[in-house]
Amino acid sequence: MASITQSPVTFTGASATASDLLRSSSNGVCGVPLKALGRLRLGAKRRDFTVTAKIRKVKKHEYPWPDNPDPNVKGGVLSHLSPFKPLKEKPKPVTLAFEKPLMDLQKKIIDVRKMANETGLDFTDQISSLETKYLQALKDLYTHLTPIQRVNIARHPNRPTFLDHVFSITDKFVELHGDRAGYDDPAIVTGIGTIDGRRYMFMGHQKGRNTKENIQRNFGMPTPHGYRKAMRMMYYADHHGFPIITFIDTPGAFADLKSEELGQGEAIAHNLRTMFGLKVPIVSIVIGEGGSGGALAIGCANKLLMLENAVFYVASPEACAAILWKSAKASPKAAEKLKITATELCKLQIADAIIPEPLGGAHADPSWTSQQIKKAINESMDELMTMDTEELLKHRSLKFRKLGGFQEGIPIDPNLKANMKKKDEPIIQMENLEGEVEKLKQQILSAKDSTTTPPELGLNEMIEKLKRELDREYDEAVEAIGLSDKLVMLREEMAKAELQGQSLHPLQYKIDKLAGELERALPTAPNYASLTYKRDMLKEIMKAKILGEQTKKAALIKDEMNKRYKEIIDRPHIKAKFEALKAEVEATGSPPDNKQKENIINLKKEIEFELINALRSLGLDVEAKGLVTEKLRKLASFPDIKTKIEELDQGIHKEIEAAVKSSPDLQSKIELLEKEGETPNSETKYKIEALKQEIEQNLAAALTSSPLASKYEELKEEISQAVESPGGNKGLNESSSKHGGSTGANAERTCV
C-alpha cells in the first residue's frame, strides 16, 4: 500500500477535537487529523474516548510582604519579612484572681466618670482621689507578689510574645524556616535581625495570642523538629559570626507519643551539647515561663536574663504539688519552695539580671517592656563582644559549672538538719503485717505455756514497725481532713517555747483543742479503717508486752524473796530464837500462853522487818501492813508533840502571810488567781494551774529560807524517837525512823 506523504489537504470540521491538532510524523502523514487517519486505517470500527483533567484548588500562598505595601514605612516595605501580623482586634482584657480588688476600684472610677458625663457635674476631686488610690493599690500589689501570683502573670493570655518583642526592638527582621528534614515547627521561630546596626540571630518559643494561634503554635510547646530547626540556625549563626539571642517562653517540650518516637530527648540533648561549643556570644531572655528541658534546649547561654514576672522551673508548681502533696491545690506552697522567681534565681546565680516590667505586668505596656529588653541586650552584648573565643567558651562553661556547688566535710547546722526531710519508710502491706503479728502471737502463747522466754527482740521490732505505720496513717489522715497547717504551726510554737525555756502550759489549751478537732474529724478520713485496725493491733501487742514484763518481773521478785527469806531464817540469832521458842512450846505440851504468843509475834515482826530491809536494799518499795496505823496511835499518846505540831502549823501560816505582804509580785499573782478562779472555763483552766505552780514555788522558797526549816527538822527527829518501841530491835528502829520522817513530811504538807 502506497503511503501518503506531504499531502496538501487539511481536514477541518466542527467535530475536530484537541487531538486533531496533533500531527503524525512517524507515519509520514502531515496535516491529517488523527481521527480521519484512524478511519482510513481501521475502517469499520469506531472507538470514542475522552481525556479530562481537573484543576485542584489550593490555598493561596501567604507571602511575608503585604498585598498593599505602604511606601512610607520606615526602613522600607520589606523590613520585617514574617507571616506574623498585628491582630486586627484588640485582645479582651483578662483579670487574674488577685487583681479583683483593683478591678473594683477601676469600676468605681468608670462609674463616677459616667455619672459626671451624664449629669454635667464636676467630680474631678473624687476621680483624682480614686485614681490615686488605684495607683497606690496597684503599686502595693505588684511590689509584694507571691511566687504563684508571678506564675499566673507569666501565663497571662495577653502577655507579649517573642515576635511581639522582636518586631519592637529590631530595625529589620527576616524569619527563617525549616529544619532541612522536611518539617517546620511553628512553636519555635528563628530569623536574622538587626538592632542599632548589629546583626543577630534570633530564636525563641512562640505562643499564640488567641485560641486559633495557640492551636497553630501548639501552645508554645516545640516538637523535635523545632529544636532541630533551632540547632540548624545556631550552626548558621556560628558559621557567619552572628551573636545569638534566644527568647524562652514555654511550659515545656511537647510530650506526645509522636514526639518521643521522633527523638525529643535526643534533640534537646543535641542542642545542649551544641550550644556549649558555639564560638559566638549567646544571650537568653525568659519572657514568660521557662519549663524544664524544653526551655533549657535554647537556654545554655553566657547571660540569662529574666523579666521581672517571669518564672524558670524544672517542674511546674502544679506538677510538684501533685507529686509531693498529692494535690494540685498545694501549688502556692510548691511555687514558694521551688524558688522559681527572677529574684530567687538571681540569688542562686542561675539568672544574671532582672529586666523590669511596668506595674500590671508586661501586657500593661508591651512597648516599654520591649525597650527595656533592647537596653538589656545591648548592655550584655557590649560586655560579651569584648571577649575572645576561648574566653567566651570558658565563661559559658563556668556559668553552669558553678551552679549547685557544695563542699564536703562541713558539719550540717543542727537547725537545718532537724528540718531535713526524713527518709520515707517503705509502706508495709496489710497482709504481710497481719501475718507477722499472728506469727508473733503464736510465739508469745507458746512461750507462756512453756518455760521458754517470750521473743523480746521480735516483739520490740514489731512494736516499732506498727508505730511507724500508725504515724504514717495519722499523717495521711491529718492531711486529708485539712489540719496539717494547724499542726505545723502548733509544733513551731512548742519548739519556740522549748528553745526559750518557757512553760508549755499556755499552749495546753491549743493542744487539747486541736486534739479534740482531730478526734471529731478522724472518722471522716479515708484511711480511718486501716488506722483503727493498726491502732488496735498495737494496743494488743503492747498489752502482751506489758503482761510478759510483769510476769517476768514477778518471777524474779519471787525468786529473790525466797532467797532473802532463806538467808534471814538461816541467820544464827534468828535461828537460835526460833529453836528456843519451839523447844519452849514443845516442853509445855499445851497451847502457847499469852507470853509465848507475844514472843512469837515479836519474832515474826523481826523476821518481817529484816525481810523488808533486805528487799528495800534491792530498790523495791515495800510497806509493812498495819505499821503506819500503829505508829500514829503511839504518836497520839504524846500531847507535847501534838502541841508542837500545832505551833509549827501556826508559824508556817504567819510566815506565808509575811512572804505575801513583802512581795508585790506574789500579791498580784494571788489576786489574778482569785479573779480567774471566780468564773473558770476551759480557756483559763491551764492558766490557773500555771499560776498555782508559780505561787507554790515562791512560797516553798520563802519557807525554806526561814527558821521554820530547822524547827521542822528537830520536830521530825523528836517524832522519830517517840514512836520507837522500848523493846524493839534494830530493824524496827530503822523502819520507825523512816516512817516518822514520812509522818513529819505529811504534817508539813498539811500545814502548808
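User: Why is Lys-399 called buried?

Analyst: In this predicted model, Lys-399 has a relative accessible area of 6%. Buried means under 20%, so Lys-399 is classed as buried.

User: What makes the contact between Lys-399 and Asp-352 a salt bridge?

Analyst: The side chains of the two residues meet at 2.9 Å, N to O. A salt bridge requires a side-chain nitrogen of Lys or Arg within 4 Å of a carboxyl oxygen of Asp or Glu, and therefore the pair of Lys-399 and Asp-352 qualifies. The pair links distant parts of the chain: Lys-399 belongs to helix α15 (residues 389–401), Asp-352 to the loop between α13 and β9, and they are 47 residues apart.

User: Why is Asp-352 called partly exposed?

Analyst: The relative accessibility of Asp-352 is 35%. Partly exposed covers values between the 20% limit for buried and the 50% limit for exposed, so Asp-352 is placed in that class.

User: How do you know that Asp-196 and Lys-374 form a salt bridge?

Analyst: Their side chains meet at 3.5 Å, N to O, and the limit is 4 Å. This pair also links distant parts of the chain, with Asp-196 in the loop between β3 (188–195) and β4 (198–205) and Lys-374 in helix α14 (residues 366–384), 178 residues apart. Lys-374 has a relative accessible area of 16% and is therefore buried, as the class takes in values under 20%.

User: What makes Arg-113 and Glu-131 a salt bridge, and which parts does the pair tie together?

Analyst: The closest N and O atoms of Arg-113 and Glu-131 are 2.2 Å apart, which satisfies the condition of within 4 Å. Arg-113 lies in helix α2 (residues 100–119) and Glu-131 in helix α3, so the salt bridge ties together parts that are 18 residues apart in sequence. Arg-113, with a relative accessible area of 39%, is partly exposed. Glu-131 is also partly exposed, at 29% relative accessibility.

User: How many salt bridges does the whole structure hold, and which residues are joined into one network?

Analyst: A search of the whole structure finds 20 salt bridges. Arg-155, Lys-207, Asp-249, Glu-289 and Glu-318 are joined into one network by salt bridges that share partners.

User: How do you know that Asn-214 is buried, and what does Asn-214 touch?

Analyst: Asn-214 has 16% relative accessibility and counts as buried, since the class requires a value under 20%. Asn-214 is found in helix α6 (residues 211–216). Leaving aside residues up to four places away in sequence, Asn-214 touches Lys-207, Gly-208 and Phe-219.

User: Why is helix α4 called mostly covered?

Analyst: Helix α4 (residues 147–154) has 8 residues, and 6 of them are buried. The buried residues are Ile-148, Gln-149, Arg-150, Val-151, Ile-153 and Ala-154. They pack against α3 (124–142), β6 (282–291), β8 (311–313), α11 (317–324) and α12.

User: What makes Lys-339 eligible for a patch of positive charge?

Analyst: Lys-339 has a relative accessible area of 37%. Members of a patch must have over 30% and no salt bridge, and Lys counts as positive. Lys-339 gathers with Lys-333, Lys-337 and Lys-347 in a patch of positive charge on the surface. The place of Lys-339 is in the loop between α12 (331–338) and α13 (342–347).

User: What is noted about phi of Ser-292 and of Gln-349?

Analyst: Phi of Ser-292 is near 55°, a positive value in a residue other than glycine. Phi of Gln-349 is near 65°, again positive in a residue other than glycine. Ser-292 is in helix α10 (residues 292–296), whereas Gln-349 is in the loop between α13 and β9 (353–355).

User: Why are Ser-292 and Gln-349 called partly exposed?

Analyst: The relative accessible area of Ser-292 is 38%, and Gln-349 has 44% relative accessibility. Both values lie between the limits of 20% and 50%, so both residues count as partly exposed.

User: What share of the protein chain is buried, and how many helices and strands are there?

Analyst: Of its 752 residues, 34% count as buried. The secondary structure comes to 29 helices and 9 strands.

Notes. Residues numbered from 1 in each chain as written. Predicted model: local features only at pLDDT ≥ 70, side-chain atom pairs only at ≥ 80, totals over all residues. Heavy atoms only, no water. Patch = residues over 30% accessible without salt bridge, like charges linked within 9 Å, V, L, I, M, F, W, Y side chains within 5 Å. Areas by Shrake-Rupley, 256 points an atom, 1.4 Å probe, with all protein chains shown as cover. Charge placed at Lys NZ, Arg CZ, Asp CG, Glu CD. Helix = DSSP H or I, 4+ residues; strand = E, 2+ residues; numbered from the N terminus. Buried < 20%, exposed > 50% of the residue type's maximum accessible area, 1.4 Å probe, protein only. Contact = heavy atoms within 4.5 Å.
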